[in-house]
Amino acid sequence: MPAKCLHLRTTRLTMRLLTDDDAEFILRLVNEPSWIKYIGDRNIHSVEDAKRYIQTGPLAMYEQHGYCLNLVERLADNVPVGMCGLLNRETLEWPDIGFAFCAEFHGQGFAFEAAKATLEHAQDSLRLTQIAAVTALDNRPSITLLNKLGFAFVKQIQFEQQGEASNLFLKALALNGR
């Protein structure tokens, strides 16, 4: 079981494991219109639902795989702005990067900065060699970000639990010393 010590820092952001204290922010984030449109309704409608999501989602994934979605906060004032990290889906061969930010923080480069730090952590600390990304077919902002990060479109895929097709992207990571 991994130690609970994940803490990434960039020029403007910190990324850390979620705690129950973040439940109010998670409740707000997962009910943002862009989350509902591109990720889907997770039926999180109370602080207790958000705490359950944190425990059974990101923290359970971290305990099992050593990575998860993390809280992203502004370094200057510790204001939470979104989530970014790696996910493990049984239907994908590789871990995939995920990110979501509150609308008020869109267009400020936070998603790029957090995703870049996540990829560096995946390569340097987790020693992963390939990362996937999945987007809704019409999610132009995420597709643009993935292209900027060096991901390549592979194909459209369909998850059984979802009726809609999604885009699958991949990025190879170079391990240092190889």
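Q: In which helix of this predicted model is Glu113 found?
A: The model is a prediction. Among the buried residues of its helix from 110 to 124 are Phe110, Ala114 and Glu113. That helix, where Glu113 is found, is α4.

Q: Is Glu113 buried or exposed?
A: The relative accessibility of Glu113 is 14%. A residue counts as buried under 20%. Because 14% falls under that limit, Glu113 is buried.

Q: Which residues does Glu113 touch, not counting those up to four places away in sequence?
A: Glu113 and Arg12 are 101 residues apart along the chain, yet their C-alpha atoms are separated by 8.2 Å. Arg12 is one of the residues that Glu113 touches. The full list, leaving out residues up to four places away in sequence, is Thr10, Thr11, Arg12 and Leu13.

Q: What span should the 15 residues of helix α4 have?
A: Helix α4 covers residues 110-124, and each residue is taken to add 1.5 Å. The rule multiplies 1.5 Å by one less than the number of residues. The end C-alpha atoms of α4 are 21 Å apart, which agrees with the expected 21 Å.

Q: How many aromatic pairs does a search of the whole structure find, and what kind is the pair of Phe105 and Phe110?
A: The search finds two aromatic pairs. In the pair of Phe105 and Phe110, the ring centres are 6.3 Å apart and the planes meet at 55°. Planes under 30 degrees apart would be stacked and those over 60 edge-to-face. Since 55° is neither, the pair is tilted.

Q: Are Phe105 and Phe110 buried or exposed?
A: Phe105 has a relative accessible area of 6%, and Phe110 has a relative accessibility of 4%. The limit for a buried residue is under 20%. Therefore Phe105 and Phe110 are buried.

Q: In which strands are Phe153 and Phe169?
A: Phe153 and Phe169 form an edge-to-face aromatic pair, with 5.7 Å from centre to centre and 75° between the planes. The two residues are 16 apart along the chain, and their pair links distant parts of it. Phe153 belongs to residues 152-158 and Phe169 to residues 165-172, which are strands β7 and β8.

Q: Which residue, Phe153 or Phe169, counts as buried?
A: Phe153 has a relative accessibility of 45%, so it counts as partly exposed. The relative accessibility of the other residue is 2%. The one that counts as buried is Phe169.

Q: Over the ring of which residue does the charged end of Lys148 sit?
A: The charge of a lysine is placed at its NZ atom, which has to be within 6 Å of the ring centre. For Lys148 the distance to the centre is 4.4 Å. The ring belongs to Phe112.

Q: How many disulfides are there?
A: A disulfide is a covalent bond between the sulfur atoms of two cysteines. The sulfur of Cys84 is 11 Å from the closest cysteine sulfur, in Cys68, so the distance is too far for a bond. For Cys102 the closest cysteine sulfur is in Cys84, 14 Å away, which is also too far. The count of disulfides is zero.

Q: Are Cys84 and Cys102 buried or exposed?
A: The relative accessible area of Cys84 is 0%. Cys102 has a relative accessibility of 0%. Because the limit for a buried residue is under 20%, Cys84 and Cys102 are buried.

Q: Where does Glu90 lie?
A: Glu90 has a relative accessible area of 84%, so it is exposed. Its C-alpha atom is separated by 16 Å from that of Leu170, 80 residues apart along the chain. Glu90 lies in the loop between β4 and β5.

Q: What is the phi of Asn43?
A: Asn43 is found in the loop between α2 and α3. Its relative accessibility is 55%, so Asn43 counts as exposed. Asn43 is not a glycine, yet its phi is positive, near 55°.

Q: What is the phi of Arg127?
A: Arg127 is in the loop between α4 and β6. At 41% relative accessibility, Arg127 counts as partly exposed. Although Arg127 is not a glycine, its phi is positive, about 60°.

Q: Which residues have the most contacts inside the largest nonpolar core?
A: The largest nonpolar core has 51 residues. One of those with the most contacts inside it is Ile26. The full set is Ile26, Ile97, Ile131 and Phe151.

Technical notes:
Residues numbered from 1 in each chain as written. Predicted model: local features only at pLDDT ≥ 70, side-chain atom pairs only at ≥ 80, totals over all residues. Heavy atoms only, no water. Core = buried A, V, L, I, M, F, W, Y, C linked by side-chain atoms within 4.5 Å. Buried < 20%, exposed > 50% of the residue type's maximum accessible area, 1.4 Å probe, protein only. Phe/Tyr/Trp six-rings, centres within 6.5 Å; stacked < 30°, edge-to-face > 60°. Helix = DSSP H or I, 4+ residues; strand = E, 2+ residues; numbered from the N terminus. Lys NZ or Arg CZ within 6 Å of the ring centre and 35° of its normal. Disulfide = S-S within 2.5 Å. Contact = heavy atoms within 4.5 Å.
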